[in-house]
Amino acid sequence: MDLNERIRILTEGAKYDVSCSSSGAGTGSKKGSLGNTAYCGICHSFTSDGRCVSLLKILLTNYCEYDCLYCVNRRSNDIPRARLSPRELCELVINFYRRNYIEGLFLSSSVEKSPNHTMEQLVLAVKMLREEYKFRGYIHLKAIPGADYGLIDYASAYADRMSLNIELPTERSLKLLAPQKKKDAIIEPMKMLSQSYFLTKTEKNSQIKKIPAGQTTQMIVGASNDTDGQIIRLTQALYRNFNLKRVYYSAYMPVNLSSSLLPALPCDLRREHRLYEADWLLRFYGFSAEELLPVERNLAADIDVKSFWALNNYQFFPVEINTASYEALLRVPGIGVKNAYRIIIARRHGKLTFESLKKMRVVLKRAQHFITVNGKFYGAYNNPVNIRKALAAQQERPRLETACLQTSLFDAERPLTDIITGEL
Ligand code: SF4
């Protein structure tokens, strides 16, 4: 099979993985090297559903020994299969990078032969890219669950970011839908990586920081019966215990022939969207998973998560803008981190009015129901039922046709091999 076709297969096979934000790395350029991950050297672009598209996102192989029910690359699927050698992968990355098509690499793989064999191939590829091709651009490397920890640790010296996908939030779902994957084979390497963001010595005895952009993971939402309450609690534990940079959520899409163990329809994209909102509240707004929702519940689809919390805790409101603490302001729907801070600063110079809030671009169509300004309430409703109706009417449904598409690097009619082997 020619290279062009193999690249097509392997990029197609990688597109369902969403854990690829490239933020956070700061490796600068260096004489005699190629590329850098410093802030202005890498552009991050995201599709409307939050997926990062600035990296060459590719599998090393889509031959797989495993048979995860939700996965297009599973062993029992009759699909075209391909692999790249580490050398072919390096040539591809370097040629794309030089032409400014990509800012970095997101390298993943199915499990060919065994987890250790696959991890060895991945290590070979990134080691070659760094040491032989002197590539200093961003590399996000997926670790293979079940591979020796030593191999995963070794790989982490060459990657800016690493990730192991949890895929399913409970062990019960993992057993049901991905029986060859074991919870410990995912969690234990994550734990190990969380302890290895430290300096390590290279063979040349110089010190480098391992995975400077940290680690991430991904969970599929809606493939199993697991609730948002369970997902958010797991997310919180991952941030607290393993210092994860990001947890990504991917709404389940049926890509295989139907199975009685899987839903026939795709997961509502609003669910994925709400989980990202809840994730944001955990990381930046001081909420805990336990406050956001009970373990057995899902988030509301019709209103955003902060409004959902505010309506369930209506006794907390209204909050007086001129006296409330920073923490209390952060709990008001429509007031973000920046505006809560601006309000605190602006109050030092005099009392704020409703007009002042407008000028600050507080989202008053939401906030008005939960605040007073100098004792005056500006909302149209003062009971949770009517407020919920008003808020639900304001919120847009994500556009399915946009959210399902991923931007492709390879839409051009020009054959890939021309691009790879052509002159600069
Ligand atoms: S291990 Fe499972 S999820 Fe990964 S490629 Fe193979 S079948 Fe898909």
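In this predicted model, Pro318 lies in the loop that links helix H10 (305-312) to strand S9 (319-320). The peptide bond between Phe317 and Pro318 is cis, with omega at about 0°. Most peptide bonds are trans, and most residues other than glycine have a negative phi.

Departures from the latter tendency occur at several positions. Lys113, which is not a glycine, has a positive phi near 65°. Lys113 is placed in the loop between strand S2 (104-108) and helix H3 (115-131). With a relative accessible area of 59%, Lys113 is exposed, because a value over 50% counts as exposed. Arg361, likewise a residue other than glycine, adopts a positive phi of about 65°. Its loop runs between helix H13 (354-359) and helix H14 (364-367). The relative accessible area of Arg361 is 71%, and Arg361 is therefore classed as exposed. A positive phi of about 65° is also found at Asn100, just after helix H2.

Helix H2 itself comprises 13 residues, 86-98. At 1.5 Å a residue, these should span 18 Å, and the C-alpha atoms at the two ends of H2 are 18 Å apart, so the expected span and the model agree. The buried residues of H2 are Pro86, Leu89, Cys90, Leu92, Val93, Ile94, Asn95, Phe96 and Tyr97. In an α-helix, with 3.6 residues a turn, residues three or four places apart point the same way.

The strands were examined next. An open sheet is formed by 6 strands, arranged in the order S1-S2-S3-S4-S7-S8 with parallel pairing. At its edges lie strand S1 (55-59) and strand S8 (246-251), each of which pairs on one side only. Neighbouring strands of the sheet are turned by 20° against each other on average, direction ignored. Strand S7 (residues 215-221) runs parallel to S8 and is joined to S8 by 6 bridges. One of the residues involved is Thr217, whose bridge partner in S8 is Val247.

On the surface, Trp280, Phe284 and Val337 make a nonpolar patch of about 270 Å². Val337 belongs to helix H12 (residues 337-347). The relative accessible area of Val337 is 31%, so Val337 is partly exposed; this value fits its place in the patch, because patches are made of residues with over 30% relative accessible area.

Note on methods. Residues numbered from 1 in each chain as written. Predicted model: local features only at pLDDT ≥ 70, side-chain atom pairs only at ≥ 80, totals over all residues. Heavy atoms only, no water. Helix = DSSP H or I, 4+ residues; strand = E, 2+ residues; numbered from the N terminus. Buried < 20%, exposed > 50% of the residue type's maximum accessible area, 1.4 Å probe, protein only. Expected span 1.5 Å × (residues − 1). Patch = residues over 30% accessible without salt bridge, like charges linked within 9 Å, V, L, I, M, F, W, Y side chains within 5 Å. Areas by Shrake-Rupley, 256 points an atom, 1.4 Å probe, with all protein chains shown as cover. Salt bridge = Lys/Arg side-chain N within 4 Å of Asp/Glu carboxyl O. Pairing = 2+ DSSP bridges. Axes fitted to C-alpha atoms, helices over the stretch in contact; angles between N-to-C directions.
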